Every structure is written in structure tokens, then in C-alpha cells.
Amino acid sequence: VVSKSITLHGFGEPVLDPHLTKRISVLENKKIPSYFSCNPCNVKMDLFAELFDARTGYIKFAIDSLDDEEAKKIRGRKADFTESYEKVLEVIDMKEKMEAKTIMVLTMLNMFGDLSQGEKFLDLWKGKDVYAYVKSLDNKWLLRDSGKTEQSLVENENHYTGQYCEYAWTSITILADGSVVPCTQDINGT
């Protein structure tokens, strides 16, 4: 998906961008597919109707936990899993009613190595018009002081260990202020 489209997210929340629909319309008029990942707790149904009308290529919802309280700890007080799940189901229904061609992607970040949570997550989306997957946490250093995992699981198991990072040669990142940086992880443009 990423190599075939313009990705409209980085370290912020794209559905809070007041120009998101306009950006997508411009890309679509130039036949450039768009893609963004967002947090379902920020879903506003009128915005998603506009996004479907703008012919958004891909929308990914990132879900971090199937537990309401754990989701709040990770994403903040509004990140209730149950409410987010219901919102995503509404978006899926709206997509069907509007006959939108947008590809819906659901992902759960496997932060603590609990495979049973991943299986439950995948079961939630069976039979629905979505692509769902569980993503491994590449950079486990952030868990070091969390007390959530054994030290053996904290070791950095990034898939770039032993190989180079291709992003500097295959993509660019445009920050909110218009600055261009060669790395997707360069949040401050340094």
C-alpha cells in the first residue's frame, strides 16, 4: 500500500486535519491513491462520509488493545476500545451503503507479545469487508521501563537489524510545515 500511494499520516492524527478531504480530492483528481492510518476514537461520521465521497484509497484504523482501560492507558482517556469498535462498524456500514471503493484496513499493534489478543482481534473482523492484521512491535525499547514485559522481550527485534533501512531511497516525508525529510522517523526534521 505505502509504495503505491501518498501516505497522509506521520506522528499526528490525520482525521484532525481540517484539509484532509481536500488533500485527498486533489490526489484523486490526479489519480494518485491516498492512504492514512488513524485512531478510531477520533471518528466523526460526517467526515468519513466526505472521505468516501472524495474517493479515499485506503483508510487504516489502528487499535492497540481489546481492553477499554488498557486502550486508555496507551492512547488517552478517549481511546475506549468498545466505543472505537462500534464506530468502526458504523464506518464499514456507511462504506457499504455509499458503495465506496475505499479499502478498509484494521491493525492491532502486538505490544506485549500476547498472541491470544491478536487472534481475538482478527476474529472480530471475520466476514467483514476489511483487511485485518496484527503488527509486531519492532522497537521494544519503549517497553523497557513500563513493567509490562520481561527484559528478554525488550531487546530490539527491529526487522532492520542486519540490513539497511530502504526508506531514504524509496520515500520522502513532508512534515506539516512543508519541510521535506528523507526519513519517516524524523519527526522534528533534524
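Here are five exercises on a predicted model, each with a worked solution.

Residues are numbered from 1 along each chain as its sequence is written. In this predicted model, local features need pLDDT of at least 70, side-chain atom pairs count only at pLDDT 80 or more, totals for chains, interfaces and linings use all residues, and side-chain values use heavy atoms, with hydrogens and water left out.

**Exercise 1. The overall layout**

Task: Find how many helices and strands the protein chain has, and in what pattern they follow each other.

Solution:
- Step 1. Start with the terms. Helices (H or I, at least four residues) and strands (E, at least two) are DSSP runs, numbered from the N terminus.
- Step 2. Count them. The protein chain has seven helices and seven strands.
- Step 3. Read along the sequence. The pattern is β-α-β-α-β-α-α-β-α-β-α-α-β-β.
- Step 4. Check burial. Buried means under 20% relative accessible area, exposed over 50%, and partly exposed in between (1.4 Å probe, protein chains only). Of the 190 residues of the protein chain, 38% count as buried.
- Step 5. Check contacts. Contact means heavy atoms within 4.5 Å. Among contacts in the protein chain with a separation of 6 or more, 57% come from residues 24 or more positions apart.

**Exercise 2. The sheet**

Task: Work out the order of the five strands in the open sheet, and name the edge strands.

Solution:
- Step 1. Fix the rule. Two strands pair if DSSP finds at least two bridges between them.
- Step 2. Write the order. It is β1-β2-β3-β4-β5, and the pairing is parallel.
- Step 3. Find the edges. β1 (6–7) and β5 (131–136) each pair on one side only.
- Step 4. Follow the bridges. β1 and β2 share two bridges, and T7 stands opposite Y35 in β2.
- Step 5. Move to the next pair. Four bridges join β2 to β3, where Y35 has Y58 of β3 as its bridge partner.
- Step 6. Go one strand on. β3 (residues 58–63) and β4 (residues 103–110) are joined by six bridges. Y58 is partnered by I103 in β4.

**Exercise 3. Two enclosed strands**

Task: Decide which residues lie on each side of β2 and of β3, and explain why both strands count as largely enclosed.

Solution:
- Step 1. Recall the rule. In a regular strand the side chains alternate between the two faces of the sheet.
- Step 2. Sort β2. S34, F36 and C38 are on one side, Y35 and S37 on the other, and all are buried.
- Step 3. Conclude for β2. Five of its five residues are buried, so β2 is largely enclosed by the rest of the structure.
- Step 4. Sort β3. Y58, K60 and A62 take one side, I59, F61 and I63 the other, and all are buried.
- Step 5. Conclude for β3. Six of its six residues are buried, so β3 too is largely enclosed by the rest of the structure.

**Exercise 4. Helices α1, α2 and α4**

Task: Describe how α1 and α2 are oriented, and check the span of α4.

Solution:
- Step 1. Define the geometry. Axes are lines fitted to C-alpha atoms, for helices over the stretch in contact, and angles run from 0 to 180 degrees between N-to-C directions.
- Step 2. Take the values. The axes of α1 (residues 20–29) and α2 (residues 45–53) come within 9 Å and cross at roughly 10 degrees.
- Step 3. Classify. Angles under 35 degrees count as roughly parallel, over 145 as roughly antiparallel, 65 to 115 as roughly perpendicular and the rest as oblique. α1 and α2 are therefore roughly parallel.
- Step 4. Name the contact. L20, T21 and I24 of α1 meet L47, E50 and L51 of α2.
- Step 5. Turn to α4 (residues 81–98). The expected span is 1.5 Å times one less than the number of residues. For 18 residues this gives 26 Å, and the end C-alpha atoms are 25 Å apart, which agrees.
- Step 6. Look at its buried residues. They include F81, Y85 and V88, and the cover includes α2, β3 and α5 (115–124).

**Exercise 5. Positive phi**

Task: Locate K31 and E99, and say whether each is buried or exposed.

Solution:
- Step 1. Recall the background. Most residues other than glycine have a negative phi.
- Step 2. Take K31. Its phi is near 60 degrees, a positive value. K31 lies in the loop between α1 and β2, and is exposed at 72% relative accessible area.
- Step 3. Take E99. Its phi is near 55 degrees, also positive. E99 sits in the loop between α4 and β4, and counts as exposed at 63% relative accessibility.
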